[in-house]
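This report covers one sheet and the aromatic contacts of a single structure. The sequence and coordinates follow.

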Amino acid sequence: DRRTRPGIYVRYGEVRLLVDTATELRLQCVANGISHVDAVLFTHHHADHVAGLDDVRRFNHSSKAAVPLYGTERTLAGIRKMFAYAFDAPPPDSPHSRPSVTLHPIGDEPFEIGGRAITPIPLVHGKMPVLGYRFGPFAYCTDCSEIPESSFDRLRGLDVLILDALRRDPHPAHFNLQQAVAAARRIGARRTYFTHMAHQLKHVETNAELPPGMELAYDGLRFLSLGDPAIALPGL
């Protein structure tokens, strides 16, 4: 029941991906032994999903290269505004005082990183369009209050689904637990983990009432999706 903010680390073949840079990113990486990232994919630019961006500097050091950031035009514009110093020329007396990143706008169409196919999943977060992502038989859909009909088509045949479930009470920008269970039943993944929980949802008590194949995720959860990829969740 002690939870950090949402984020996942995906080993997709030889490609290592981070989805969002949560507020506690540094602590999450230290706790889970994460030392290298090939790219970061952003769901949206709300603070709890981007506030750890400065700690990408550690990955610059390990890879000796800029870290590519993927997201919608709106998301990347928000990140550029929030972290303006990261996109300025580094000061000559302190060249490592900012993360080195490159921006890669994406839309709704599938794309590749390192030869691995990634499918964006359009979602609605309140009134805000955001993205989930599908990696082979695994999909991550945090921060959503609605899944468009066309996106259900992109969620067929999943082995593992991670889905937003904020609390029991209704919320204007997130699925509550009842809505999340209904969406998970429709999607029909072999296993569903719920994420982005408020502390109203106690881990043991809530799991005891969930349908078979569904449970709350937790910080440090690791699992191997059938086939590919392998997934680790540093924070939830």
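In this predicted model, Phe 111 stands opposite Ile 118 in strand E7. Phe 111 belongs to strand E6, and E6 pairs with E7 (residues 116-125) in the antiparallel sense over three bridges.

**The sheet**

E6 and E7 begin the order E6-E7-E8-E9-E10-E11-E12 of an open sheet of seven strands, in which the pairing is mixed. Strand E6 (111-113) and strand E12 (214-216) each have a single partner strand and stand at the edges, so one side of each is left without a neighbour in the sheet. On average, neighbouring strands of this sheet are turned by 25 degrees against each other, direction ignored.

Helix H6 (residues 177-187) lies across three of these strands: E10 (160-164), E11 (191-195) and E12. The helix runs at about 155 degrees to E10.

**Aromatic pairs**

A pair of aromatic rings is described by the distance of the centres and the angle of the planes. The model has seven aromatic pairs, and two of them are tabulated here.

| Pair | Centre to centre | Angle between planes | Class |
|---|---|---|---|
| Tyr 70 and Phe 111 | 5.5 Å | 15 degrees | stacked |
| Phe 138 and Phe 223 | 5.7 Å | 65 degrees | edge-to-face |

The stacked pair links distant parts of the chain, with Tyr 70 in strand E4 (residues 67-71) and Phe 111 in strand E6, 41 residues apart. Tyr 70 has a relative accessibility of 13% and therefore counts as buried, the cut-off being under 20%. Phe 111 is likewise buried, at 13% relative accessibility.

The edge-to-face pair joins Phe 138 in strand E9 (residues 138-141) to Phe 223 in strand E13 (residues 222-224), so it ties together parts that are 85 residues apart in sequence. Phe 138 is buried, with a relative accessible area of 0%. Phe 223 also counts as buried, at 11% relative accessibility.

Phe 138 and Phe 223 are members of one aromatic cluster, together with Tyr 12, Tyr 133, Phe 135 and Tyr 193.

**Charges over rings**

Which residue has its charged end over the ring of Phe 152? It is Arg 186, and the distance from the ring centre is 3.8 Å. A second arginine, Arg 80, lies over the face of Phe 87 at 4.6 Å from the ring centre.

How values were computed: Residues are numbered from 1 along each chain as its sequence is written. This is a predicted model: local features need pLDDT of at least 70, side-chain atom pairs count only at pLDDT 80 or more; totals for chains, interfaces and linings use all residues. Side-chain values use heavy atoms; hydrogens and water are left out. Two strands pair if DSSP finds at least two bridges between them. Helices (H or I, at least four residues) and strands (E, at least two) are DSSP runs, numbered from the N terminus. Axes are lines fitted to C-alpha atoms, for helices over the stretch in contact, and angles run from 0 to 180 degrees between N-to-C directions. Contact means heavy atoms within 4.5 Å. Rings of Phe, Tyr and Trp (its six-membered ring) pair if their centres lie within 6.5 Å; planes under 30 degrees apart count as stacked, over 60 as edge-to-face and the rest as tilted. Buried means under 20% relative accessible area, exposed over 50%, partly exposed in between (1.4 Å probe, protein chains only). A charge sits over a ring if NZ of Lys or CZ of Arg is within 6 Å of the ring centre and within 35 degrees of the ring normal.
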